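Visitor: I'd like to go through a few local details of a model with you. Could you put it up on the screen?

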Amino acid sequence: MTSVTKDQARSSISPRSVHDLLLAFNGLVVLLLSGFMCLTQYKIELSMSARTFLASVPALPMPIETQLGGTILSYLLLLGLGWFYRRIDERDPNLRYMVFALEIVACIVLMLSINLSYDGVVLLVVADLMHRYEGRNQEIILLVAMLGLFFVANYNLALFQLSVVPFESYANYYAGNVRANLLAIRNVFVSLNIIFFVLYMVMLVKDKHEETKRIAELNKRLGEANEQLRAYAIESERLAETRERNRLAREIHDTLGHALTGIAAGIDACLVTIDAAPDFTKKQLTRIRETALRGITDVRRSVKKLRPDDLEKLPLPEAIDKLATEFTESSGMTVRVYAPQWPQHLREDQEEVIYRIVQEGITNANRHGHAKHVMIVIGMGDTHLTISMSDDGVGCEDIQPGFGLRHMRERLELLHGKLWYWNDGGFVLKAILPLNQEDFHDKDNDRG
């Protein structure tokens with residue numbers, strides 16, 4: 001509660017509020033002085049003592065309407081120029097200097113309209129200049145502006161250059177006590193104006209100091225944030241390196257593991273047929289050689305962060321059909337693919353995940369399940385693509401996820417997919433992969 005009260009007190013006494021008070025006070029003073037001189041001039045005219053008054057002043061006084069109207073208009077102009085000056089973009093210094101020069105002119109016109117009887121309005125111009133004070137370059141401008149304004153405003157100097165009716169001449173029309181009170185009131189106005197100006201400068205300096213402290217605190221926090229970001233960047237780099245190592249491990253496992261499994265299965269077949277069917281064995285060895293060469297190509301492309309060779313050359317359905325056909329020919333395990341419908345706009349990362357899952361499922365069925373037949377069904381749902389693989393191998397009662405299953409799950413999770421597997425007389429694997437939104441539209445159009 002106390003802190004809120006203090007914050008409210010600090011916010012209520014701000015440079016802006018003191019500046020507004022300074023503007024209001026000076027406006028009141030110039031109106032009172034102008035009104036006093038107009039009223040005195042009107043009394044002089046009514047009392048038929050104008051000749052005596054004119055004989056005691058160095059110049060003809062302005063008409064009442066001209067003096068009062070000039071005072072109001074020049075003060076409003078000074079307010080408008082000051083308001084505009086404080087809101088000019090700092091990136092446009094030429095416009096700011098031009099407006100400030102016009103503000104000085106308006107200030108001089110205002111002082112002339114009240115016969116140089118009050119020079120406190122000079123402090124309004126100085127306050128505006130200090131509000132936009134920017135350092136060494138404006139020290140000269142500030143000094144020249146203050147000297148110039150006070151030179152014009154100084155009654156003793158300006159009296160010899162400008163023909164005006166001094167305030168004292170109007171005050172001399174009244175009796176001694178009244179005259180003394182009028183001069184005292186004007187001096188009080190000058191003193192109060194100086195007090196308000198000093199208060200404004202104190203609040204302005206305090207505000208600048210607090211702003212400097214806030215900037216220093218923000219810079220400190222920014223430095224701490226930069227340190228945290230730097231540490232986060234280092235950690236992110238480490239995580240990226242770990243992910244990249246895992247990716248390469250998956251790629252090498254999928255490519256080398258698949259190729260070596262096919263080679264091993266083909267060699268086993270050759271050992272059986274080498275004596276009984278030499279010609280078949282030679283053809284089998286040729287297929288094994290081709291499988292080994294494709295495995296080498298896939299390893300090289302994996303290291304270079306490229307997709308499998310078949311996906312580079314063929315559409316995904318054809319690449320999967322070729323994968324199944326070649327594995328059937330090289331290993332003797334029959335692999336069949338049933339995919340009645342394919343999405344039209346799969347991304348490259350989605351295609352690669354689908355290809356790798358089929359590849360790893362075939363490899364596992366041969367390596368671990370010793371299966372003779374593998375059935376792969378790929379279908380489209382309303383929002384996803386489903387891959388189901390089943391084999392007639394030995395299965396597994398207590399399934400312990402190995403490298404291949406873990407990496408299939410990791411690949412799917414990167415694309416918000418899911419993986420299930422279980423034993424059902426053989427091994428059954430099911431993967432679900434979310435589709436792109438445009439795939440839904442294509443599928444709907446196909447149905448239509």
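Visitor: Which loop does Leu-116 lie in?
Guide: This is a predicted model, so local features need pLDDT of at least 70, side-chain atom pairs count only at pLDDT 80 or more, and totals for chains, interfaces and linings use all residues. Residues are numbered from 1 along each chain as its sequence is written, and side-chain values use heavy atoms, with hydrogens and water left out. Helices here are DSSP runs (H or I, at least four residues), strands likewise (E, at least two), numbered from the N terminus. On that footing, Leu-116 sits in the loop between α5 (93-113) and α6.

Visitor: Is Leu-116 buried or exposed?
Guide: Leu-116 isn't a glycine, yet it has a positive phi of about 55°. Buried means under 20% relative accessible area, exposed over 50%, and partly exposed in between (1.4 Å probe, protein chains only). At 6% relative accessibility, Leu-116 therefore counts as buried.

Visitor: And His-416, buried or exposed?
Guide: His-416 is in the loop between α15 (403-414) and β4 (418-423). It has a positive phi of about 65° without being a glycine. With a relative accessible area of 69%, His-416 is exposed.

Visitor: How are α2 and α6 oriented to each other, roughly?
Guide: Helix α2 (residues 15-46) and helix α6 (residues 122-131) pack with their axes 10 Å apart, at an angle of about 160°. Axes are lines fitted to C-alpha atoms, for helices over the stretch in contact, and angles run from 0 to 180 degrees between N-to-C directions. Angles under 35 degrees count as roughly parallel, over 145 as roughly antiparallel, 65 to 115 as roughly perpendicular and the rest as oblique. So α2 and α6 are roughly antiparallel.

Visitor: Which residues of α6 meet α2?
Guide: Contact means heavy atoms within 4.5 Å. From α2 come His-19, Leu-22, Leu-23 and Asn-26, and they meet Leu-124, Ala-127 and Asp-128 in α6.

Visitor: What is His-19 in contact with, leaving aside neighbours within four places in sequence?
Guide: His-19 has its place in helix α2, and at 4% relative accessibility it counts as buried. Leaving those sequence neighbours aside, its contacts are Arg-86, Ala-127, Asp-128 and Tyr-200.

Visitor: How many residues of α14 are buried?
Guide: Helix α14 (residues 348-367) has 20 residues, which should span 28 Å at 1.5 Å a residue (1.5 Å times one less than the number of residues). Its end C-alpha atoms are 28 Å apart, which agrees. The helix is largely enclosed by the rest of the structure, because the buried residues of α14 number 17 of the 20.
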